[in-house]
Amino acid sequence: KHNRLYMRAAPMTEKLSVDIDNNKISMRMDPKLRGHYLVENFQWDPTDSRKIWCFGPDGTGPNILVDVTKAVQYLLEIKDSFVAAFNWANKECCVCEENMRSIQFNIEAVKQHADAIHRGGGQIIPTARRCLYACELTAEPRLMEPIYLVEIQTPQTALGGVYTCLNKRRGNVINEVPREGTPLLNVQAHLPVMESFGFTDALRAATSGSAFPQCVFDHWLSLIHISEPTRPERSSYAVFCWKKT
């Protein structure tokens with residue numbers, strides 16, 4: 001009741017999230033260089049680009065906390081508490097208690113108690129965490145799943161078994177290249193991580209042991225068909241309600 005926080009959440013571009021994952025942008029960079037990179041490549045406001053408080057979670061993740069306030073007193077006194085709440089909320093989102101991704105949180109206004117005793121971590125951290133969760137829910141969150149890039153070496157005669165196995169597990173073939181001088185093919189496909197458990201055994205059974213897969217993480221995919229989990233008409237609403245009970 002003594003402190004009020006006003007924030008807004010917005011989605012980030014996937015390119016910016018990938019740049020953060022690859023350490024092209026980090027808190028270790030000089031603020032001027034980081035700001036110039038954001039302005040040139042992502043059309044950020046020059047002032048806001050130099051007022052990034054934190055990346056999260058753990059200071060390196062693909063979420064950003066930005067101070068866009070104007071002339072707020074005692075704001076730096078609560079910065080450490082705000083960053084702690086930001087990292088906490090990023091690790092346990094309110095939709096499914098998993099890490100957040102590709103969200104920019106803007107601190108737009110702060111009203112604090114005049115007495116410093118009411119601006120401690122015990123007051124700011126829970127308040128900021130609830131505010132971050134409210135921002136996430138009102139910004140129409142999406143559920144995302146990790147996707148593997150699967151490279152499969154297989155002879156031409158077993159290609160049908162490879163396609164059958166991938167189709168049963170929501171796989172999507174993106175490339176098929178013959179290896180020169182051999183009867184083998186290199187098949188590249190995208191496969192959801194959730195469907196990869198037991199994939200190797202299933203593939204060998206479908207191809208009589210002649211296909212050999214290798215899986216590496218490739219990207220995150222937004223699940224459009226179960227998006228907007230806070231809307232009752234969506235199929236993901238049941239999952240959201242189950243997690244909250």
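On helix H6, Asn-167 and Lys-168 are exposed, and they lie on the other side from the residues of this helix that are buried. The model described here is a predicted one, and the points below follow helix H6, then strand E3 with its partners, and lastly the largest pocket.

**Helix H6 and its surroundings**

- Helix H6 covers residues 159-168, and its buried residues are Leu-159, Gly-161, Val-162, Cys-165 and Leu-166.
- When the helix is viewed down its axis, these buried residues fall within an arc of 160°, so they line one face of H6.
- Several elements help to cover the buried residues of H6, including strand E5, strand E6 (172-178), strand E7 (184-192) and helix H7 (199-206).
- After H6 comes Arg-170, a residue whose phi is positive, with a value near 60°.

**Strand E3 and the strands beside it**

- Strand E3 is made up of residues 63-67, and because 5 of its 5 residues are buried, the strand is largely enclosed by the rest of the structure.
- Both faces of E3 are covered, since Asn-63, Leu-65 and Asp-67 are buried on one side, while Ile-64 and Val-66 are buried on the other.
- Strand E2, which consists of residues 52-56, runs antiparallel to E3 and is joined to it by 4 bridges; in this pairing, Ile-52 stands opposite Val-66 of E3.
- E2 and E3 together form a hairpin in which 6 residues lie between the two strands, and in the turn Asp-58 has a positive phi of about 65°.
- Strand E4, residues 103-111, pairs with E3 in the parallel sense over 5 bridges, and here Ile-64 stands opposite Gln-104 in E4.

**The largest pocket**

- The largest pocket holds about 1000 Å³ of space, and of the 33 residues that line this pocket, the closest to its centre are Asn-99, Arg-101, Arg-142, Leu-143 and Met-144.
- Four elements, namely strand E1 (4-11), helix H1 (14-21), strand E5 (144-155) and strand E8 (212-222), each supply at least two residues of the lining of this pocket.
- Sorted by chemical character, the lining of the largest pocket divides into 21 nonpolar, 4 polar and 8 charged residues.
- Strand E5 therefore appears in two of these topics, as it is among the elements that cover the buried residues of H6 and also supplies residues to the lining of the largest pocket.

Notes: Residues numbered from 1 in each chain as written. Predicted model: local features only at pLDDT ≥ 70, side-chain atom pairs only at ≥ 80, totals over all residues. Heavy atoms only, no water. 1 Å grid on protein atoms, 1.4 Å probe; cavity = no way out; pocket = protein on both sides within 12 Å on 5 of 7 lines; lining within 4 Å. Points joined across faces, edges and corners; volume = space filled by probe spheres on them. Nonpolar A, V, L, I, M, F, W, Y, C, P; charged D, E, K, R; others polar. Buried < 20%, exposed > 50% of the residue type's maximum accessible area, 1.4 Å probe, protein only. Arc of directions from axis to C-beta. Contact = heavy atoms within 4.5 Å. Pairing = 2+ DSSP bridges.
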